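Please load the coordinates in your viewer and keep the sequence panel open beside them. The stops below follow one another as a series of selections, each with a short account of what is to be found there.

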Amino acid sequence: MKLRATGADDRGMTTAEYAVGTLAACALAAVLYKVVTSGPVKALLQSVLERAINVQF
């Protein structure tokens, strides 16, 4: 017969871990949004999309 230690079953995240993970994901999303909407990156993305749309087949 196997004996399990109390608290050894740590499947999943606790509420505090969910909160920290959610905050980290939101912070990363905010940083990425700022980077993508910055002037130089926005201009680069626009030029790439324009070249892709105007490709001659």
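Begin by selecting H2, whose 15 residues should span 21 Å at 1.5 Å a residue, and place a distance between its end C-alpha atoms: they are 21 Å apart, which agrees with that expectation. The model in front of you is predicted, and every value quoted on this tour is computed from it. Keep H2 selected and colour it by relative accessibility; the number of buried residues among its 15 is zero, so the helix lies largely in the open.

Now widen the selection to the whole protein, where the secondary structure comes to two helices and zero strands. Of its 57 residues, 0% count as buried. If you draw the accessible surface, it comes to about 5600 Å², and 68% of that area belongs to carbon and sulfur atoms.

Next, select threonine 37, which sits in the loop between helix H1 (15-36) and helix H2 (39-53). Is threonine 37 buried, exposed or partly exposed? It counts as partly exposed, because its relative accessibility is 36% and the partly exposed class runs between 20% and 50%. Display the side chain of threonine 37 together with the backbone of tyrosine 33, and you will find that this side chain reaches the backbone oxygen of tyrosine 33 at 2.7 Å.

From the loop, step back to valine 35, whose place is in helix H1. With 42% relative accessibility, valine 35 counts as partly exposed. Add Val31, Val36 and Leu45 to the selection: together with Val35 they form a nonpolar patch on the surface, and the accessible area of these residues is about 310 Å². Which helix gives the most to the nonpolar patch? H1 does, with three residues. While the patch is on screen, it may help to recall that an α-helix has 3.6 residues a turn, so residues three or four places apart point the same way.

For the last stop, select valine 41, which has its place in helix H2. Valine 41 is partly exposed, its relative accessible area being 26%. What is valine 41 in contact with, once its neighbours within four places in sequence are left aside? Show Val35 and Val36 again, for these are the residues that valine 41 contacts under that condition, and Val35 and Val36 are also members of the nonpolar patch visited just before.

Definitions and conventions: Residues are numbered from 1 along each chain as its sequence is written. This is a predicted model: local features need pLDDT of at least 70, side-chain atom pairs count only at pLDDT 80 or more; totals for chains, interfaces and linings use all residues. Side-chain values use heavy atoms; hydrogens and water are left out. Helices (H or I, at least four residues) and strands (E, at least two) are DSSP runs, numbered from the N terminus. Buried means under 20% relative accessible area, exposed over 50%, partly exposed in between (1.4 Å probe, protein chains only). A polar contact is a pair of N or O atoms within 3.5 Å; within protein, one must be able to donate a hydrogen and the other to accept it, and residues adjacent in sequence count only if both atoms are side-chain atoms. Patches are made of residues with over 30% relative accessible area and no salt bridge: like charges are joined within 9 Å, nonpolar side chains (Val, Leu, Ile, Met, Phe, Trp, Tyr) within 5 Å. Accessible areas come from the Shrake-Rupley method with a 1.4 Å probe; for residues, only the protein chains shown count as cover. A salt bridge is a side-chain nitrogen of Lys or Arg within 4 Å of a carboxyl oxygen of Asp or Glu. The expected span of a helix is 1.5 Å times one less than its number of residues. Contact means heavy atoms within 4.5 Å.
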